[in-house]
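Student: Could you take a close look at the aromatic pairs and what surrounds them? I'd like one connected walk-through rather than a list.

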Amino acid sequence: MEMTTILHSSLTNPPFTAHLSPSKFPRSFSTPFRLRTSLSFSPSLPPKSFPTNCSVSDDTTSSNVASVDLSIALKKKATDVSADLRGTSIFLVGMNNSVKSSLGMLLADLFRYYYFDSDALVSEAAGGESAAISLKESDEKGFRESETEVLKQLSSMGRLVVCAGDGAVQNSTNLALLRHGISIWIDVPLEMVAKGIIGNKSLLLSSEITISGSYSEVLSQLMALYEDMRRGYATADATVSLQKVAYQLGYEDMDAVTTEDITMEVLKEIERLTRVKKMMEAAARPF
């Protein structure tokens, strides 16, 4: 299927990720895993109330209040950032994992952007995930050209959140295309990525990774792949580390970091970048 046709058929509805047509363009091969997500975007629904004979612990009440506070804070931060963002697209790079995909969809909801997964687009154009992997194994050059074409199409648009595959950081042409928007490296520990891949084979479109291997084998292969990709990831405009977010929030277990927690850090980075750009533009104006 022509890439332009796939993209344009997906952009006929208002900019909400939930409104994209799955029959024309699947948002992702994987069912996005929300990291203990508690944020709700259903303002039309009345608030839930507990029956009078129901006892609620202080911990549960505090957790619910914190979730509501974070929901409000995220919406406010996104609204504040949107003014200076001015429709600029956001590209998320880093190892494919459920953290990155869930983050991408939440960002799209907050900014009222479209959400796309570049690997899913490449697979759609090739005729499916299996066909895409076969193409990569039999015609590496043709596969890479497909990745570049996907990025070229996406970078020509605005108001997108894109989860970019590893091909986005593997050559100078693709890296230049990412400069049409804001790129952010979502740095997730490889141990978490390996567990996700074993649980969901479609998280990584890579013939270099033996999905059928044990956890230690998958982790070892990921480490080698990461070394090849790290320099490309590091060219992103900003980096958000899951490990650093957990430390800042005082979590001993990184699994305790929610999608909302890491989304807030991404919003802060986007805000910082847009402010710097605004200052540079102001400094460049003649007196």
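**Aromatic rings and a helix**

Tutor: Trp-185, Tyr-226 and Tyr-233 make up one aromatic cluster. Bear in mind that this is a predicted model, where local features need pLDDT of at least 70 and side-chain atom pairs count only at pLDDT 80 or more, while totals for chains, interfaces and linings use all residues. Numbering runs from 1 along each chain as its sequence is written, and side-chain values use heavy atoms, with hydrogens and water left out.

Searching the whole structure turns up 5 aromatic pairs (Phe, Tyr or six-membered Trp rings with centres within 6.5 Å; planes under 30 degrees apart are stacked, over 60 edge-to-face, the rest tilted). Phe-111 and Tyr-113 have ring centres 5.5 Å apart and planes at 40°, so they are tilted. Phe-111 is buried at 4% relative accessible area, and Tyr-113 is buried at 2% (buried is under 20%, exposed over 50%, partly exposed in between, using a 1.4 Å probe and protein chains only).

Back in the cluster, Trp-185 and Tyr-233 also form a tilted pair, because their centres are 5.5 Å apart and their planes sit at 35°. Both Trp-185 and Tyr-233 are buried. Trp-185 belongs to strand β4 (residues 182–187) and Tyr-233 to helix α9 (residues 215–233), so this pair ties together parts 48 residues apart in sequence (helices are DSSP H or I runs of at least four residues, strands E runs of at least two, numbered from the N terminus).

Helix α9 also helps cover the buried residues of α8 (contact means heavy atoms within 4.5 Å). In α8 (residues 190–199), those are Leu-190, Val-193, Ala-194 and Ile-197. They span an arc of only 100° around the axis, so they lie on the same side of α8 (the arc uses directions from the helix axis to the C-beta atoms). Exposed Lys-195 and Gly-199 are on the face of α8 turned away from that buried side.
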